[in-house]
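Here's a walk through one protein model, a stop at a time. Keep the structure open while you read.

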Amino acid sequence: MKHTSLAVLLLIPTLGFSADTDTKTLRAFIFAEVLAQSSFSAAKFVVKQERGEMAGYLLVPNEKVPETFNAGFSMYISAWPLLKRYPGQRFQSGLPGTWMFAQPVGKPLEKGYSDIEGGLGWWRDTEYATETPKFIMGGVAPNFVEWANGPGAGKGRDWSKPNGKYAIAQLSPWVIWPPDGLNVKQGTRGEWFGYGYLPLPLAKAKDKTNGKDIPTGDQCWTLFLNTGNFKGPVTFFLPYFWSKAAVNEPRFAGHLLDSRPSDPNRALQMETQHIPSVQATDSQGVTYARVTPTQFPSDAQGESALVHRITSYNKQALWDSVQAWFDGGPAASGAVNSEAAVVHEFPGRGGATWKIYPDGTEKDAKTHVAWTSFATPFAPDKNTFGYKWNTQWVKRDAGTNGRDLVVLPEYFRLDKDDKQRPIWTPVAAAEVPAETGLANASFERKRTGPPKTYETPAEADSSWKKPGPKVGPFQARPGDGSVVTYYWYRFADQPSLLNADMTDAEREAMQQRVELLHRHWSKDRNYLAPPASGTLADLDPAMLVTPPAGLEVGYVPIVTRQEPAK
C-alpha cells in the first residue's frame, strides 16, 4: 500500500478494513462513499428563485440658466423601446423627462407639491401598451389630489370623481388624444421626439373661483410638439385645474401654475420603477440575477444620444406676440423667438441609482447595479447628453434604416465593491451556474385581465351630450391594438370647458381666440426650433385626422371611447 495517502491510511480502521486490504479495493470504496455523500448533500440543496425588479433613476445634470427664462421649456428626447419585449402591467418607466414647477414666491410652498411631469414612457395603468412608448402630459394638482394626463384622462376611471379628467382642453383640430396616452409610431427606435410647454393667453384672469374670493390666473400651459408628421400646439391645461385646489386650501392661491411663472432650472432624469428581474443563490452561496433584455438607442459608433436642446423661454418668446395679436395687432406666427430663449448646456456628467432586488425588499437593503462598469455618461456636444458603452458588456441589436439598439447586460452577480458594500456586477451568461435555473427564466407578458374599455359619461344631461358634438362618431385604429371613437365638438362646447368654472361669455371669448389660431397656425411648420442633428419621430398615423368640411375652424376632435379591437 505504498501509494496510499496518509489520509486514506488513517481512515482504514474506521471503515472496517485491515492494513492488508489492497489499495484498489480501498480507493474504490472511499470514492463511492464520497460520491454518495456529495449526492446526498446536493439533493438537500434546492435553488429558490425570487422575482423582483430593477429600478431607479438615471441622472442627467444640466447647467442652470437665469431665473428670468421662466415661461416654459422645450426639449428633444430619444424615443425608443426600453425593453425588447413588453412584459406586462407591472412594468413602469419613463424615458428621460423633467419636472416643471411654479417659480416660488419667496421660499418654496410647504406641503404643496404641484407640477407638470409627463413625458414618454409606460405606466401600470397603460391598458394598450406595446414596446413603443406613449406620451402623457402628467399635470399634478397639489399633493396628487388630482392629476391630468390628457383630454379625458386623469386620476382613476370613475367619472363621478373626475380627479383631473376635465383638466385639459383639446386645442388642435388635427390630432386626436386617446385617454391611454398619445401614440408614437410603432417601431420607433431612437428618433427625436420634440415637445415643450409654453403659456398662451387664451383665458383671462379673474378674482373669483367657484364663487369664492380665490383668483384664477390667465396662463394656459400649452403642449407644443415637433415630430416628423405633426408640429404645433395640441392641448393645454385649463387654469382652473391649478386654482381650484386653492378653493379648498387658500394658502395655494397665487402660488400655482395658473398665475406663477415656471422655474427654469428643472431636474432632468429617467425614472424607472419596475423592470422585471429574477435572482437565485447557488450551492456555493453566490447570488446571481437576470433582468429582462433592456436596451438603449445606438448610432453608428455604438453611442446613445438621449436628450437634446433643453431650452427655456421668457414671455417674449411667444406670449407677448400672441397677446398683442389677440388685442388687435398683427397675427403671430407661433414660432418661438430664439432671442428670448436660452439653451441649457450639459457638462457630460451623470449618475445612476438603478438597483436590483426581490419583491418586498426594504429600502435600505436594495443593492445598486455597477452602472459605470458598462455605461459612461458624456456630452457629444454641449447641447446633447448620452452614453458611451463598454462593448465587453453590451451587444448591438441591428435594426432597420440604421436605427440600431444596444442591449445592456442581462446577468449580474452579487459581489462587493472596494468599500466592501454589496453591488451587482455584470457577468457573462456562461459564468452563471446552471443550477440557478436563470438561463431558463422567462419574462412573459402578464396582465391583470383583458384591456379595459375607456368609457365617458353617456347620460343625456351630461357635459358630453349637452350641448354635445356637432358630428360623429368616427373611429381610428392606432398600432396599440385599440379602437378609438371620437366626435367633433365646437371648441367652447367640449366637456373640459364646461367643467372649468367658466361663464358662457368666458368660453366664447376663448372660442374667438382659438379660431384665430386655427385660421393662421398650420400643422407643418416649425414652432419649436428643430434639432441640430438626427431625425424626428412620428406620431402614430392614426392620431392624425382631418376636420370635416365646414368644421375646419373652431372645432376639435374629442375622444369618447377606447376599446380593444375585435
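Which residue takes a positive phi in the hairpin of β32 and β33? That would be Gly 481, with a phi near 85° in a hairpin that has five residues between the strands. One thing to keep in mind throughout: this is a predicted model.

## The four-stranded sheet

The hairpin belongs to an open sheet of four strands, which line up as β31-β34-β33-β32 with antiparallel pairing. At the edges sit β31 (454–455) and β32 (471–476), each of which pairs on one side only.

Let's cross the sheet strand by strand. Two bridges hold β31 against β34 (residues 555–564), the two running antiparallel, and Tyr 454 has Gln 562 of β34 as its bridge partner. Next, β34 and β33 pair in the antiparallel sense over nine bridges; here Thr 485 stands opposite Arg 561 of β34. Then β33 pairs with β32, again antiparallel, over four bridges, and Gln 475 stands opposite Thr 485 of β33. So if you click on Thr 485, look for Arg 561 in β34 and for Gln 475. As for cover, β33 is mostly tucked away: eight of its nine residues are buried.

## Two cis prolines

Two cis peptide bonds are worth a look in this region. One joins Lys 466 to Pro 467, with omega about 5°, and Pro 467 sits in the loop between β31 and β32. Another joins Gly 472 to Pro 473, with omega about 10°; Pro 473 is in strand β32 itself.

## Salt bridges

Side chains of opposite charge can pair when their charged atoms come close. Searching the whole structure turns up 26 salt bridges.

Take Asp 493 and Arg 507, whose side chains meet at 3.4 Å, N to O. Asp 493 lies in the loop between β33 (482–490) and α5 (495–498), while Arg 507 is in helix α6 (residues 504–520), so this pair ties together parts that are 14 residues apart in sequence. Are these two buried or exposed? Both Asp 493 and Arg 507 are buried. There's also a network, in which salt bridges with shared partners link Glu 455, Arg 561, Glu 563 and Lys 566. You've met Arg 561 already, as the residue opposite Thr 485.

## Around residues 413 to 421

Two more salt bridges turn up here. Arg 413 pairs with Asp 415, their closest N and O atoms being 2.9 Å apart, and Asp 417 pairs with Arg 421, where the closest N and O atoms are also 2.9 Å apart. Arg 413 is partly exposed, with a relative accessible area of 23%. In the other pair, Asp 417 counts as buried because its relative accessibility is 17%, whereas Arg 421 is partly exposed at 45%.

Have a look at Gln 420 too, which is in the loop between β29 (411–416) and β30 (422–426). Gln 420 has a positive phi of about 65°, although it is not a glycine. With a relative accessible area of 57%, Gln 420 is exposed.

## A lysine in a loop

Now jump to Lys 206, in the loop between β14 (191–200) and β15 (220–226). Why does Lys 206 count as buried? Because its relative accessibility is 19%, and the cut-off for buried is under 20%.

What does the side chain of Lys 206 reach? It gets to the backbone oxygen of Asp 501, at 2.4 Å. Leaving aside neighbours within four places in sequence, Lys 206 is in contact with Pro 215, Thr 216, Asp 501, Met 502 and Glu 506.

## A nonpolar patch and a neighbouring turn of backbone

Last stop: Phe 101, Tyr 113 and Phe 144 make a nonpolar surface patch of about 240 Å². Phe 144 is in the loop between β9 (139–140) and β10 (147–150) and is partly exposed, with a relative accessible area of 36%.

Asn 143 lies in the loop between β9 and β10 as well. Its phi is near 60°, a positive value in a residue other than glycine. Asn 143 counts as partly exposed, at 35% relative accessibility.

Conventions. Residues numbered from 1 in each chain as written. Predicted model: local features only at pLDDT ≥ 70, side-chain atom pairs only at ≥ 80, totals over all residues. Heavy atoms only, no water. Buried < 20%, exposed > 50% of the residue type's maximum accessible area, 1.4 Å probe, protein only. Polar contact = N/O pair within 3.5 Å; in protein donor to acceptor, adjacent residues only side chain to side chain. Contact = heavy atoms within 4.5 Å. Patch = residues over 30% accessible without salt bridge, like charges linked within 9 Å, V, L, I, M, F, W, Y side chains within 5 Å. Areas by Shrake-Rupley, 256 points an atom, 1.4 Å probe, with all protein chains shown as cover. Salt bridge = Lys/Arg side-chain N within 4 Å of Asp/Glu carboxyl O. Pairing = 2+ DSSP bridges.
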